[in-house]
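Me: I've just opened this one and could use a guide. Can you walk me through how to read it?

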Amino acid sequence: MAGRHINDHQVRLFMTNRRYDPVALAAAKAGFSPATGYRVLQATQLPSQRQTPRSRRRPDPLAGIFDEVVVPMLEAAPGLRPIAIFEELRRRYPETEFGSRRTLERRIRDWRAMNGQDREVIFRQVHEAGRLGLSDFTCMDDLAVSIAGQPLDHLLYHFRLPCGGFEHGHIILGGESFVALAEGLQNALWSAGGAPKLHRTDSLSAAFRNLDADARVDLTKRYDALCDHYGMEPTRNNRGVAHENGAIESAHGHIKAAIRDALLLRGSADFSDLADYRRFIDEVVNARNRRHGPGIDAERKFLQPLPDVRTTDYEEVLVTVTSSGGFTLRKVFYTVPSRLIGHRLRARLYDDRLDLFIGGTRLMTLQRGRAGMNGKHGHVVDYRHVIHSLRRKPMALLGLVYRDSLFPREAYRLMFDHLLEVQGEREACRTTVELLAMAHERACEAELAGLLTEDLAARRTPCLTTLRARFCPDPADLPEVVVELVPLSIYDGLIEQGEAA
């Protein structure tokens, strides 16, 4: 064809056909013109033998520098990036032009291909159905998810069966702890409908960090017991070698991309509460599982049957309620009803909550708190637990350790700050405590917060008399309801009618 050089294969094909065909036909079969065919007959060499090496069109910008300077750098530090070498050359030889950065990158790439170190080889695996399940955690902060306007710092526990493609995701509010693994893993197994023979993690390094030897041994025993309960053999990849867990490490990016796309389609990354966000994650993961439905159904036949009941997915700790009306656990202070002062409670510590027991009786569930990043203690406070005592000692509010956590809504805290400015400490404490007591006794926390917000916007102080009249009406103003009791004999008539029918 015009404009293209012929190659050795075409010449050989032409010479083969030329023994039986005329030049024009043999040239057509070889893919070039008859004129080229006549020139080939006169030539004594193949096209590749006639080619001359292409000479350099401009001086080598790295002459005297690459072998003398760059190569020693690469030999001394094999992991050095080309951009770092380029910047170093510019620093050493500010008056010299090295051409483009791409020229240096190509030269380094070619040198490494010929003289570089051996690189680690990734061995692709064939996954057997029902044999392996993998667990890992991935950070979700880059998605900028918020709950009721507040940023949510959380992880995603990710479980995967690599053969069939089954996945499960579970929101984790704390770190990569045993409790988080136990809860997420059991949810995943019961969702999958069976357990694999092997369970692999990345050594749970975060679960063992800053723990003494006894605690590490205890966690290892608990993890082994968890796997034994489901008939799984626990395995771990080598520390720091992420690609050994590649069947789930690579899937992190895919599931996070799917969640990011779903958030964009939703139009907002803000959720009303944590339960709403958990449902959203379940919908995304279920949609991904539906795409692998046939493979998942095929692998379920090879999974081990589940036990009759789940095993423990919590830590159990004994705590004592102090005279402060609460207890401290993991550097977080929790309030409880004051009638429990002096009692020892059994706390079951989950990733997102605490269940409190006295003896074998379950008392309540508290939201789990977290200590601050700087080691500062956290507080989980319910003002209803302490408002009766605070009402008798309102000035205690001024210097209360957990004062900011006491206010159930932002409007109450802002109103307290406003009252401090306009009324002074004593009246501000008294008024704020009365507002909290009214919110508790009349169950009007949200409505009262709305009125306080209006007062703050108008820079007014709340009128307790008006608010009591609104939320605590005078019993004399309530309508009198008279209930007339019917005689019990009418029930006999109803029974007789039923028997007759």
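Me: Which residue takes a positive phi just after helix 2?

Reply: That's G31, with a phi of about 95°. Keep in mind that this is a predicted model.

Me: And what about helix 2 before that point? Which of its residues are buried?

Reply: Buried here means under 20% relative accessible area. In helix 2, which spans residues 23-30, that goes for V23, A26, A27 and A30. They span an arc of only 100° around the axis, so they sit on the same side of helix 2. Among what covers them are helix 1 (8-18) and helix 3 (34-42).

Me: Back to phi for a moment. What sign should I expect?

Reply: Most residues other than glycine have a negative phi. With that in mind, look at A144: its phi is positive, about 55°, although A144 is not a glycine.

Me: Where is A144, and is it buried or exposed?

Reply: A144 belongs to the loop between strand 1 and strand 2 (146-147). Its relative accessibility is 54%, so A144 counts as exposed.

Me: Which residue outside that loop also has a positive phi of about 55° without being a glycine?

Reply: Try R459, which has a positive phi of about 55° and is not a glycine. You'll find R459 in the loop between helix 18 (445-457) and helix 19 (464-471). With a relative accessible area of 56%, R459 is exposed.

Me: Now the sheet. What is the order of its strands?

Reply: For a sheet, you read the strands by who sits beside whom. Here an open sheet of 5 strands runs in the order 5-4-1-6-7, and the pairing is mixed. Strand 5 and strand 7 (233-236) are at the edges with a single partner strand each, so one side of each has no neighbour in the sheet. From one strand to the next, the twist averages 20°.

Me: How do strand 4 and strand 5 pair?

Reply: They pair in the antiparallel sense, over 7 bridges. To see it in residues, find L155, which stands opposite I172 in strand 5.

Me: What lies across those two strands?

Reply: Helix 12 does: it lies across strand 4 and strand 5, and runs at about 165° to strand 5.

Me: And helix 13, which of its residues are buried?

Reply: Use the approach we took with the earlier helix. Helix 13 covers residues 293-300, and G293, I296 and E299 are buried in it. Their arc around the axis is only 135°, which puts them on the same side of helix 13. They pack against strand 4 (155-161), strand 5 (166-172) and helix 12 (274-291).

Me: What does the side chain of S135 make a polar contact with?

Reply: With the side chain of Y157, at 2.6 Å. S135 lies in strand 1, residues 132-139. S135 has a relative accessible area of 2%, so it is buried.

Me: Let's zoom out. Which domains does the assignment give?

Reply: The domain assignment lists domain 1 (8-49), domain 2 (65-115), domain 3 (132-301), domain 4 (315-380) and domain 5 (384-471).

Me: How far apart are the C-alpha centres of domain 2 and domain 5?

Reply: Those two centres lie 68 Å apart.

Terms used
Residues numbered from 1 in each chain as written. Predicted model: local features only at pLDDT ≥ 70, side-chain atom pairs only at ≥ 80, totals over all residues. Heavy atoms only, no water. Buried < 20%, exposed > 50% of the residue type's maximum accessible area, 1.4 Å probe, protein only. Helix = DSSP H or I, 4+ residues; strand = E, 2+ residues; numbered from the N terminus. Arc of directions from axis to C-beta. Contact = heavy atoms within 4.5 Å. Polar contact = N/O pair within 3.5 Å; in protein donor to acceptor, adjacent residues only side chain to side chain. Domains from an automatic or database assignment. Pairing = 2+ DSSP bridges. Axes fitted to C-alpha atoms, helices over the stretch in contact; angles between N-to-C directions.
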